[in-house]
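Open the model in your viewer and keep the sequence panel beside it. Each stop below says what to select and what to look for.

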Amino acid sequence: MSDHTVIQPGHYKGYPTTMTRASLDAMTRQARKDQDGFWLEQAERVHWHKKPTRGFEGSFEGDVSIKWFEDGLLNVSVCCLDRYLTDKADQVALIAHREGHGPAEKLTYAMLHERVCRLANALTHLGVEKGQRVAINLPMVSEAVVAMLACARIGAVHVVLFGGFSADGIAERLVDSGSVAVITASVAYRGAKIIPFKEMMDTALYKAGADSAVHSVLVVRTSDDAVPMLPGRDHDYHDFVDSFEVDFVPVIMKAEDPLFMLYTSGSTGKPKAIVHACGGYIVWASYTMDMVYAQRPGDVLWCTADVAWITGHSSVVYGPLANGGTTMISDSLPAYPHPGRWWDLVDEYKVTMLFSSPTAVRAMMADGDDVVNRHDLSSLRLLGIAGEPISPDAWLWYHDVVGKKRCPVADTWWQTETGGIVLGPIPGVQSLKPGSASRPLPGIEMAITDTRGRVVQGVAEGSLCIARSWPGQARTIWGDHARFCQTYFTKVPGLYFTGDGARRDADGYYWITGRMDDVINIAGHRLGTAEVEDVLGEDHRILESAAVGVPHPVKGEGLVVFIMPRKDSATELTEEGVARLITQRLGRYAAPEAVYLVPDLPRTRSGKIVRRLLRKIASGETENLGDLSALTDPSVVGAVCNRVWGAMAFAGGEPARARA
């Protein structure tokens with residue numbers, strides 16, 4: 001697939017958009033010329049108890065300070081619920097589907113408001129106060145959305161913890177955040193697997209011991225089985241919460257008060273809690289979701305992300321509800337109990353906008369076109385993706401087979417730290433290039449810097465940075481502002497460093513080349529792992545690939561590639577052939593040290609491949625692989641290890657070379 005492949009906006013005739021190329025360009029010019037005026041205008045999107053008069057205040061230099069709308073007052077739950085009780089009280093706000101539990105629960109704005117108020121009263125009764133942290137450790141059930149909004153309503157800071165964390169991982173985050181209360185579930189169902197949420201939380205609280213400030217645990221019963229409860233600490237969620245009043249006067253917050261903390265990966269093993277503020281975040285979530293998704297009456301947005309990730313925060317909860325839309329959640333898997341399960345749900349609930357990950361797209365692609373074609377997907381009008389770069393091959397399959405060439409694909413790039421979409425197309429207005437994250441949204445000033453930290457104009461490749469602050473920008477790392485400054489603002493002084501590499505083409509479109517720590521330096525040649533994976537993604541025999549760098553005694557680093565072949569191609573695909581393909585497409589310098597065909601790749605529950613683990617395995621590290629409990633299937637690690645270490649030549653400790 002060439003960078004020159006372009007799908008013009010005119011291809012989508014009749015796509016519903018009120019924006020034109022001229023109005024989009026005007027927004028971009030206004031944001032550059034008058035940053036504060038532009039964002040104060042965008043702040044009108046949400047409800048304020050006291051409207052702000054100040055835009056950005058702060059600096060990316062020294063002891064970094066980021067403040068937006070500082071004199072404004074608001075409550076985020078009011079922005080998402082109360083403001084719609086007059087004209088949208090009976091509109092469905094949330095569709096919550098649980099696999100194997102019959103029809104989905106449908107909550108109107110009025111119903112969701114009542115549930116949020118009941119929980120707000122219950123948390124207050126338990127002694128939770130403004131500014132205190134509440135840990136939310138729930139599967140994709142309606143109570144997860146209610147819990148986030150209830151915390152926002154009382155001014156508590158929610159800390160949503162991923163259900164795949166180990167007990168040690170949960171304990172560490174409970175202590176680090178200083179959470180005083182926990183909302184969890186008895187169990188969760190992940191396909192045929194049962195995840196023991198309450199048991200894991202009990203173990204975590206035991207391990208945290210006296211270092212934990214948790215005094216109350218609310219347990220959502222998600223099965224009929226008995227749940228061990230500690231008297232005085234544990235409460236059955238519905239038995240306790242449902243008895244409280246259906247109204248709660250919201251706590252008025254300053255714009256810069258923290259709304260939530262969210263843990264993300266870092267260069268060290270210590271948990272890194274990114275902090276987002278009330279005012280800037282909700283404006284940003286509303287703005288970005290409206291620019292790219294533009295929900296209209298009757299739209300159903302299904303973002304398949306877990307609420308434990310920033311995508312779930314912004315694209316499942318806050319963005320859609322701040323814009324008065326209908327959002328859908330589900331705990332289902334794409335191919336359980338049968339291939340095409342997600343297409344069943346799209347058809348049943350008339351989903352108009354489907355937002356998922358490249359990993360999920362590839363998995364559904366592997367099921368074959370026939371599975372898709374057996375379903376009526378005519379309700380769809382927009383397809384979205386985020387989380388990692390997608391190959392042009394997978395992009396086109398999503399566009400052509402799922403979207404029938406009539407649905408634009410919004411390939412977006414963003415991070416926990418950005419709070420919402422930073423790079424992404426305005427569907428029906430901008431051209432689309434398969435594999436590209438498109439252009440910056442108005443108000444975002446992207447920059448690419450070279451190895452010396454100098455900003456490069458025009459066509460370029462290097463470190464992806466952002467030159468000016470935006471409302472949804474993270475404010476700090478909880479309890480460690482020095483680490484925040486060092487991580488994001490020292491590589492290129494005066495700019496925010498995203499940690500990703502990118503290239504920009506002549507049209508100003510950005511192509512993410514992968515994390516900078518996923519850029520391999522082979523004898524002075526810089527090779528992005530995403531570049532390798534893009535090449536392999538064009539081979540229809542390959543379902544998925546992961547490229548990693550390993551230490552090399554001569555070259556500094558060498559390339560090792562893991563390949564998941566399609567089931568019908570496993571016999572014809574060879575490791576030597578893959579090595580030859582890479583060399584042919586990228587050059588001799590990119591010849592891999594080894595290629596391994598494996599049945600599956602280790603990945604997190606959010607679908608991301610754990611390249612750190614593959615790096616260790618490829619380097620021959622047989623010990624200290626770390627905590628595997630957050631993986632979808634830890635047994636995959638054993639299969640990969642057997643394949644790699646069985647093929648490894650231990651002379652010099654180097655992996656066997658798949659000769660090109």
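Buried means under 20% relative accessible area, exposed means over 50%, and partly exposed lies in between, with a 1.4 Å probe and protein chains only. The model is a predicted one, where local features need pLDDT of at least 70, side-chain atom pairs count only at pLDDT 80 or more, and totals for chains, interfaces and linings use all residues. Residues are numbered from 1 along each chain as its sequence is written, and side-chain values use heavy atoms, with hydrogens and water left out.

**Stop 1: F355**

Select F355, which sits in strand β18 (residues 353-356). Helices (H or I, at least four residues) and strands (E, at least two) are DSSP runs, numbered from the N terminus. Is F355 buried or exposed? F355 has a relative accessible area of 1% and is therefore buried. Now show its contacts, where contact means heavy atoms within 4.5 Å. Leaving aside residues up to four places away in sequence, F355 touches a set that includes Y293, W302, T311, I385 and W414. Add L383 to the selection: F355 and L383 are 28 residues apart in sequence, and their C-alpha atoms are 5.8 Å apart in space.

**Stop 2: the sheet of seven strands**

Select the strands β5-β4-β17-β16-β18-β19-β20, which form an open sheet in that order with mixed pairing. Because β5 (105-108) and β20 (409-411) stand at the edges with a single partner strand each, one side of each has no neighbour in the sheet. On average, neighbouring strands here are turned by 20° against each other, direction ignored. Axes are lines fitted to C-alpha atoms, for helices over the stretch in contact, and angles run from 0 to 180 degrees between N-to-C directions.

Two strands pair if DSSP finds at least two bridges between them. Strands of a sheet pair through backbone hydrogen bonds, either parallel or antiparallel. Zoom in on β19 (residues 382-385) and β20, which pair in the parallel sense over three bridges. Select I385 and its bridge partner in β20, D411. Then add helix α5 (residues 142-154), which lies across β4 (92-97), β5 and β17 (326-330) and runs at about 135° to β4.

**Stop 3: the sheet of eight strands**

Next select β12-β11-β8-β6-β7-β14-β15-β24, an open sheet of eight strands in that order, with mixed pairing. Its edge strands are β12 (234-236) and β24 (476-477), each of which pairs on one side only. β12 pairs with β11 (residues 216-220) in the parallel sense over three bridges. Pick L218 and find H235 opposite, in β12. Helix α9 lies across β14 (258-264) and β15 (272-277), and runs at about 85° to β15.

**Stop 4: a hairpin**

Select strands β29 and β30, which form a hairpin with three residues between them. β29 and β30 (residues 556-565) pair in the antiparallel sense over 10 bridges. G549 has L559 as its bridge partner in β30. Of the 11 residues of β29 (residues 542-552), 10 are buried, so β29 is largely enclosed by the rest of the structure.

**Stop 5: backbone details**

Most residues other than glycine have a negative phi, and most peptide bonds are trans. Select A294, in the loop between α9 (278-292) and β16 (300-303). A294 is not glycine, and its phi is positive, near 45°. A294 is buried, with a relative accessible area of 16%. Move to K404, in the loop between α14 (392-402) and β20. K404 has a phi near 55° and counts as partly exposed at 38% relative accessibility. Last here, select Y336 and P337, joined by a cis peptide bond with omega of about 5°.

**Stop 6: a pocket**

On a 1 Å grid over the protein atoms alone, a cavity is a set of points where a 1.4 Å probe fits but cannot get out, and a pocket is an open set with protein on both sides within 12 Å along at least five of seven lines; lining residues have an atom within 4 Å of a point. Select T28, R32, R439, P440 and I444, which lie nearest the centre of the second largest pocket among its 20 lining residues. Helix α1 (residues 21-33) gives the most to this lining, with six residues.
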